[in-house]
Amino acid sequence: MTRANVWRMEPYSSARDDYQGSTASVFLDANENPYNTPVNRYPDPRQSELKVELAKVKQVNPAQIFLGNGSDEAIDLLFRAFCEPRIDNVVAINPTYGMYQVCAETNDVAYRKVNLTDGFQLPVEALLAATDDHTKLLFICSPNNPTGNDFRLSDMEQILRRFEGLVVIDEAYIDFSERPSLLQRLQEFPNLVVLQTFSKAWGCAAIRLGMAFASPEIIGILSKIKYPYNVNLLTQREALSMVHRHYEVERWVKSLKAARAQLIAELGKLPVVAHIFPTDANFVLVRVTDAVALYNYLVSCGIIVRNRHSVTLCGNCLRITVGTRVENERLIQALQSYH
């Protein structure tokens, strides 16, 4: 499946690639300034230490991990590695995370949308029918953004077995779901790519670190074409610190799940709320009486939610992130005062 030019190319060899595994104390190879330690030195281009520690938490092999500047980097590299511009295409559910389409258009790859069912579930047969011999990638965000729900595992398994291209399961919100991650099934499905992120449950949106998990062969292709030092030293250090505190992340998730249930209960009492969709994420999609007016009102109150009114199947819907208890209470109080 790899593009012929990508398969043939020689990857850029950075100064830090040449002495992997060796002990060094004098660095005169990379034209760095010898002053202003430690940020004067280029970071590890392979993020080796971080991958080893992360692999323990995720229960995978370090060779199955790609780390990038947010999940968006991994998404973009999948297009660049496997999709021939103006020839190949990708299929994705609709509505879903907008960067899949942005990356497709940036890389001049046809993007085919297939609407979810009325119950926001996967239309398996329609998705497969939308593919052809030039479909290289099929994107499924589960739990999905903006709908919030997880998809049936049996449906995702069916697509993995029947589609011959790469199936990209974006699990950015998996920590808030009761469904187990598909990470432990990478050996079972060689065409599976799982995306996760440090931005949600890990509370590290500012450090911009995304994760892709796949077979060592797929990871090798992505690593071949990435920028040499794509994850900076400060990000690697902060992520390593967070990996060592992963039990704290589990406490945050537990607290957010409880807050989510409370928020849903309070939203259900409001006359402006017409319907609350089931959610497995750290946000809730809510159909209201007038999304545009309510969104503007909340902005005037200093409260920012996401207006999804113009998104397919999401008419008059607002997407509300679960915040702290104080933040959630401010939202509810503002909604109670709306006329």
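Begin by selecting the strands of this predicted model: seven of them form an open sheet in the order β1-β7-β6-β5-β4-β2-β3, and the pairing is mixed. At the edges stand β1 and β3 (110-115), each with a single partner strand, so one side of each is left without a neighbour in the sheet. Direction ignored, neighbouring strands of this sheet are turned by 20° against each other on average.

Within the sheet, select strand β2 (residues 89-94) together with strand β4 (residues 135-141), which pair in the parallel sense over four bridges; here A92 stands opposite F139 in β4. Adding helix α4 (residues 99-106) shows a helix that packs on the sheet and touches β3, β4 and β5 (166-170), with a direction that makes about 155° with that of β3.

Turn next to helix α7, which lies across β1, β5, β6 and β7 and runs at about 30° to β1. Display helix α3 (residues 70-82) beside α7 (residues 216-225): the two pack at an angle of about 95°, with their axes 10 Å apart, and that makes α3 roughly perpendicular to α7. To see the contact itself, show the side chains of L77, L78, R80, A81 and F82 from α3 and of I218, I221, L222 and I225 from α7. These residues divide into eight nonpolar, no polar and one charged.

The next stop is helix α2 (residues 48-58), where L50, K51, E53, L54, A55 and K58 are buried. The buried residues of α2 pack against β1 (65-68), β6 (192-197), β7 (210-213) and α8. S48 also has its place in α2, but at 29% relative accessibility this residue counts as partly exposed. A distance drawn from the C-alpha atom of S48 to that of A205, 157 residues apart along the chain, comes to 21 Å. At the other end of the helix, α2 is followed by Q59, whose phi is positive, near 60°.

Finally, look at the interior, where the largest nonpolar core has 55 residues, and where L122, I140, I159 and F198 are those with the most contacts inside it. Helix α8 (residues 233-243) gives the most to this core, with four residues. Centring the view on L122 and leaving aside its neighbours within four places in sequence, one finds it in contact with I93, L116, T117, L127, I140, F151, D155, M156 and I159. A second, separate core of 31 residues can be located by selecting L77, A81, Y111 and V168, which are among its members; of these, L77 and A81 also take part in the contact of α3 with α7.

Notes:
Residues numbered from 1 in each chain as written. Predicted model: local features only at pLDDT ≥ 70, side-chain atom pairs only at ≥ 80, totals over all residues. Heavy atoms only, no water. Core = buried A, V, L, I, M, F, W, Y, C linked by side-chain atoms within 4.5 Å. Buried < 20%, exposed > 50% of the residue type's maximum accessible area, 1.4 Å probe, protein only. Contact = heavy atoms within 4.5 Å. Axes fitted to C-alpha atoms, helices over the stretch in contact; angles between N-to-C directions. Parallel < 35°, antiparallel > 145°, perpendicular 65-115°, else oblique. Nonpolar A, V, L, I, M, F, W, Y, C, P; charged D, E, K, R; others polar. Pairing = 2+ DSSP bridges.
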